[in-house]
Amino acid sequence: MFGKLKEKIHNWAKKVSEKEEDSEEIVEKPSEKEIEIPKEFDAGTKQFQPDLEKLEETKEKLEKDQKEEPALGTKSFFKKIGEKASKIKISEKEFKIYSEELEILLLENNVALEITEKIIKDLQERIVGKELLKKEVESEIKDAIKEIIKEILIEPFDLSEKIKQKISGKTKEPYVVLFCGINGSGKTTTVAKIADSLKNKGISCVIAAADTFRAASIEQIKEHGEKIGVKVISHDYGSDPASVGFDAIKYAKKNFINCVLIDTAGRMHTAKNLLKEIEKISRVCKPDSKLFVGESITGNDAIEQARSFDWAIGLDGIILTKADIDEKGGTALSVGYVTKKPILYLGTGQAYDKIVVFDKEEFIKRLGL
Ligand SMILES: Nc1nc2c(ncn2[C@@H]2O[C@H](COP(=O)(O)OP(=O)(O)O)[C@@H](O)[C@H]2O)c(=O)[nH]1
Ligand SMILES: [Mg+2]
């Protein structure tokens, strides 16, 4: 998972570090104030006339000092010299050359342009002109990227905690989750995975088969329902999806079920109708959470889809599926930042247990940062 982005960032940081190792070291020129003409220098004769008595005195003092503290003085002196010699500064000009490469590799790995630009700008602010030890260049760059990514990713909320909060409240109303996304993004599978995981946590669920459009969609979700032991409320094909959601909520209230998960259709070719339909379901069912399901592998497409759904109904969170076959990882980085919504889960396979709660630290670790 996300192997490519990890490898590319690592290689880039390494390359910058290696190039900087071959580069010129910082040579600190003494300022004019620091250049003192010794008193012993006779400007008239241009001769250096050392004060022999003073020289002897200094020599004796040095010998005495070395006898008292020989190792320490020498060691710290050489250490200091060594450190000074291996320090470098990355100039703006150098950074521009490096950053062009970084820009391409980020874009190639599904990182959206606005994030790529942000990463480069922030990185520039953090490292350009900063005095760095040569051996620390690579880790300094990686640390900077890590901090930037931490800022970019929005802190996810815990869905099951939110459900528990609502159902323990005064009204005892069920918590309603609406899932949206285009065809094939993994909505139905994700609804089944989440129903299964909530059930395992002791939260009862009912599923609304609100995809009344796609052939075999009702049978598909019913089959999942049977396998995981969760009731599915359905109407006929072609019926109003909002009323399926409404009925499922009614059923949950009547039967004291904690949570209603509404699966919906995703007709890509009639985007306008799809958004109208989802807006109606949202208006009728008043979901507590509206979650966008997108494929992690699709990059900019997933970002554009999330934007449209957010515009239509106002999203609360994102689920990225197929992370198991996503080598790049850039979508996870971009989709949340662009929509300013948190990623809550990653789908990591077809089986019911192949879903993980999105963890910022874990994601950063996977990127090798
Ligand atoms: N590898 C992988 N496949 C997935 C994942 N989630 C869903 N799928 C598959 O993607 C295909 C479409 O899923 P489906 O739930 O029908 O999508 P929907 O049209 O949005 O409802 C199915 O073959 C799923 O098994 C995932 O996290 N990883
Ligand atoms: Mg479906």
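These questions and answers concern ligand 1 and the largest pocket of a predicted model.

Local features need pLDDT of at least 70, side-chain atom pairs count only at pLDDT 80 or more, and totals for chains, interfaces and linings use all residues. Residues are numbered from 1 along each chain as its sequence is written, ligands are numbered from 1 in the order in which they are written, and side-chain values use heavy atoms, without hydrogens and water.

User: What makes the contact between Lys187 and ligand 1 a polar contact?
Analyst: A polar contact is a pair of N or O atoms within 3.5 Å. A backbone N or O atom of Lys187 is 2.8 Å from an oxygen atom of ligand 1, so the pair qualifies. Ser185, at 3.2 Å through a backbone N or O atom, and Lys322, at 3.0 Å through a polar backbone atom, also face ligand oxygen atoms. The protein covers 83% of the 580 Å² of accessible area that ligand 1 has on its own (Shrake-Rupley method, 1.4 Å probe).

User: Which residues surround ligand 1, and what makes a residue near?
Analyst: A residue is near if one of its heavy atoms lies within 4 Å. The shell holds 17 residues, the closest being Gly184, Lys187, Thr189, Arg214 and Asp324.

User: Why is the shell described as having 11 polar residues?
Analyst: Asp, Glu, Lys and Arg count as charged, Ala, Val, Leu, Ile, Met, Phe, Trp, Tyr, Cys and Pro as nonpolar, and the others, Gly among them, as polar. By these classes the shell has 1 nonpolar, 11 polar and 5 charged residues.

Conventions. Polar contact = N/O pair within 3.5 Å; in protein donor to acceptor, adjacent residues only side chain to side chain.
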